[in-house]
Amino acid sequence: MHYLQLFIESNPILSLACAITGMALLGWAMRARRFAAGRAARVPGAGERVLILGSGPLARELIQEMRGRGARWTILGVIPEVRSIEPAPLYPVEGALEDLERIVARLKPDRIVVALDERRGCLPVGSLLRSRVRGVAVEDGVEIDVRLTRRLAIDALTPSALIFARGFNQRRLAGLVGRGMSLLLAALGVAATAPLWPLIVVAIRFDSGGPAIFVQERVGRGERKFGLLKFRTMRTQGSNGSSWVDDNTARITRLGRVLRWSHLDELPQLLNILRGDMDLVGPRPHPVSNFELFSARIPYYALRALVRPGLTGWAQVRYRYANTLQEESEKMRYDLYYIKHRSLWLDLRILARTVRVLLLGLRREKTVHDGHVATPRPSGVRAA
């Protein structure tokens, strides 16, 4: 530790980087403490009796999230959209939507959560309004889902809900500060790791031959295509393979496993940040080959192209690698949350969680199974 301290003190760039990182993390910790204290004092719905309108995917997800938080809520039951729809597991059907007032009078809930998948023509507006006037809290299930999961329920969102929702309004000054932070930290990262770059290049050439830098066309802000840079970790044969992680495992070289384990293969993306292709934090850029597919199959996917992609992001620290379209849709829920709530504070939070995820991932991957290094789960999406 003493020698590490001397090394850092003798390198002014590293000293500056450590000072900036320390101040950022200190500010993050102080704000997180205030935020947690304030949030603990105003947890909405704590200890309440809840009646849920709906029995579809959104209602089931809410029930699962509420059950996962212990005795904070008492779920009284569900009222499905249609009588023939099966109820959510373990909770009884309490009647039909037209009987809402009678059900409320009998069960006496503290809160009604509206989690209907289809509201046109079936939302009991009058009954909900009268319940609200009588002191029963009425809340949108989508909003509760966002609070509980820190992601947006894209399947239950309507365009009008996004248009009139709060968020999507990052201030210009915050954007400039965030971009400046990305440039500064990327420059410091390049300077601090510069001695490693030629060593990695030589090691790649010695291990598998061929070029040391892998360039893949990705889609960035404004749907502009750019070449994402990485140290090559796979054999050059069959380079036009799948973009899914699991489909390319057999192509990873011996050195490539080490580079991926240590995440050193991502270092050239610091140059992408410096030349304006990416930011430090943002939705991960997807390969061009997947863009049309995802745009057609994932709701609101095009919104990702409105912000600059990032080296790390909210989806990377909250979810795992995506190997199916369904998993990509799940990650999109986190990306949309980031786009809606992005701020310098959220970026600092993501950076702090990224450091934690990387350290945990390195420790996990020290476990060897059947002679192969275990694959990390929550440390980001990798493409071929």
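**Sheet, helix 14 and internal cavities**

Strand 1 (residues 48-53) and strand 2 are joined by six bridges and run parallel to each other. The model described here is predicted. Within this pairing, arginine 49 is placed opposite threonine 74 of strand 2. Strand 1 is also connected, through four bridges and again in parallel, to strand 3 (residues 111-114), where valine 114 is the bridge partner of leucine 53.

These pairings belong to an open sheet of four strands with the order 2-1-3-4 and parallel pairing. The edges are occupied by strand 2 and strand 4 (137-140); each has a single partner strand, so one side of each lacks a neighbour in the sheet. On average, neighbouring strands of the sheet are turned by 25° against each other when direction is ignored. Strand 2 (residues 73-79) is nevertheless largely enclosed by the rest of the structure, because six of its seven residues are buried.

Helix 14 comprises 17 residues (residues 325-341), for which a rise of 1.5 Å a residue predicts a span of 24 Å; the end C-alpha atoms lie 24 Å apart, in agreement with this expectation. The helix is mostly covered, with 14 of its 17 residues buried.

Three cavities of 30 Å³ or more were identified in the model. The second largest cavity holds about 70 Å³ of space. It is lined by 13 residues, of which Val219, Gly220, Phe291, Arg304 and Ala305 are the closest to its centre. By class, the lining of this second largest cavity consists of eight nonpolar, two polar and three charged residues.

Technical notes:
Residues are numbered from 1 along each chain as its sequence is written. This is a predicted model: local features need pLDDT of at least 70, side-chain atom pairs count only at pLDDT 80 or more; totals for chains, interfaces and linings use all residues. Side-chain values use heavy atoms; hydrogens and water are left out. Helices (H or I, at least four residues) and strands (E, at least two) are DSSP runs, numbered from the N terminus. The expected span of a helix is 1.5 Å times one less than its number of residues. Buried means under 20% relative accessible area, exposed over 50%, partly exposed in between (1.4 Å probe, protein chains only). On a 1 Å grid over the protein atoms alone, a cavity is a set of points where a 1.4 Å probe fits but cannot get out, and a pocket is an open set with protein on both sides within 12 Å along at least five of seven lines; lining residues have an atom within 4 Å of a point. Grid points are joined across faces, edges and corners, and a volume is the space filled by probe spheres set on the points. Ala, Val, Leu, Ile, Met, Phe, Trp, Tyr, Cys and Pro count as nonpolar, Asp, Glu, Lys and Arg as charged, and the others, Gly among them, as polar. Two strands pair if DSSP finds at least two bridges between them. Axes are lines fitted to C-alpha atoms, for helices over the stretch in contact, and angles run from 0 to 180 degrees between N-to-C directions.
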